[in-house]
Structure formats: C-alpha cells, structure tokens
Amino acid sequence: MPILHWGPRFSVQVEAMDADHRELFAALNDLWLAVERSSALAVIAETLERVSSTMAAHFSREEALLEQWNYPRYRTHMDEHRQFSASSTPEVEMGHFRHEPIAYL
Ligand SMILES: [Fe+2]
C-alpha cells in the first residue's frame, strides 16, 4: 500500500513543480512497494535509481526556476538540496535500506 499521498496541501502553486513532486511521490511509493513485497534486489535497485534520477532532475529544474525568479532563499535551498543529495545516496547492502527523510523535496 502506498505510504505517500500527494494532495493540495503540498502544492507550491507552480504546476510544473507540483507535477515533479507528484512524480517523486510515485517513485518513492514504488520503492516502498518493492521493499514491502520483498522484490528482487535488481528490481529494488532499479527503483532506487528511478528515485535518485527523478530527484536529481527535479532539483535541477527547481533551482533553475528559483534562480530565474530571484528567490531570496535560493542559495540556502540549493545547499539543502546538495546536503540532502549527499546524505541520501541510495544504498542497498545485503537487502537492507538506509531510510532518509524527504523534507527537502
Ligand atoms: Fe521541490
């Protein structure tokens, strides 16, 4: 069963970013389901890669928009993305996962 449910309360009022966030929720839910179902390690690794690439693409698009709009916290938010990316590198070791918070999506 999915654990993340996107709803209007998560909207940032920018459709492209909302769409990215919904895609991230879907990728994270797929990862959760793969683990919950004890899927093959190859399937879990592939799903992790999808989460990672979806997140990296989103961060890039979001940072471009924030810079374009002269968002006052641009540098701070960019640093948060970098820190999150560095701390959430997917790791699959002997079938165990390291869970990380998703506060900086
Ligand atoms: Fe975001």
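In this predicted model, helix α2, spanning residues 41–68, packs with helix α3, spanning residues 74–87, at an angle of about 170 degrees. The axes of the two helices lie 10 Å apart. Because an angle over 145 degrees counts as roughly antiparallel, α2 is described as roughly antiparallel to α3. On the α2 side, the contact is made by Phe59, Glu63, Leu66 and Glu67. Helix α3 meets them with Tyr74, His77, Met78, His81 and Ser85. Taken by character, the residues of this contact comprise 4 nonpolar, 3 polar and 2 charged.

Helix α2 also holds Leu48, a residue worth a closer look. Is Leu48 buried or exposed? Leu48 has 20 other C-beta atoms within 10 Å, and since 20 or more is the cut-off for burial, Leu48 is buried. Ala27 provides a useful point of reference here: Leu48 and Ala27 are separated by 21 residues in sequence, while their C-alpha atoms are 8.3 Å apart in space.

Turning to the chain as a whole, the model contains 3 helices and 2 strands. Followed along the sequence, these elements give the pattern α-α-α-β-β, with the helices preceding the strands. The chain has 105 residues, of which buried residues make up 10%; Leu48 is one of the buried residues. As for contacts, among those with a separation of 6 or more, 52% are accounted for by residues 24 or more positions apart.

Note on methods:
Residues numbered from 1 in each chain as written. Predicted model: local features only at pLDDT ≥ 70, side-chain atom pairs only at ≥ 80, totals over all residues. Helix = DSSP H or I, 4+ residues; strand = E, 2+ residues; numbered from the N terminus. Buried ≥ 20, exposed ≤ 12 C-beta atoms within 10 Å, placed from the backbone. Contact = placed C-beta atoms within 7 Å. Axes fitted to C-alpha atoms, helices over the stretch in contact; angles between N-to-C directions. Parallel < 35°, antiparallel > 145°, perpendicular 65-115°, else oblique. Nonpolar A, V, L, I, M, F, W, Y, C, P; charged D, E, K, R; others polar.
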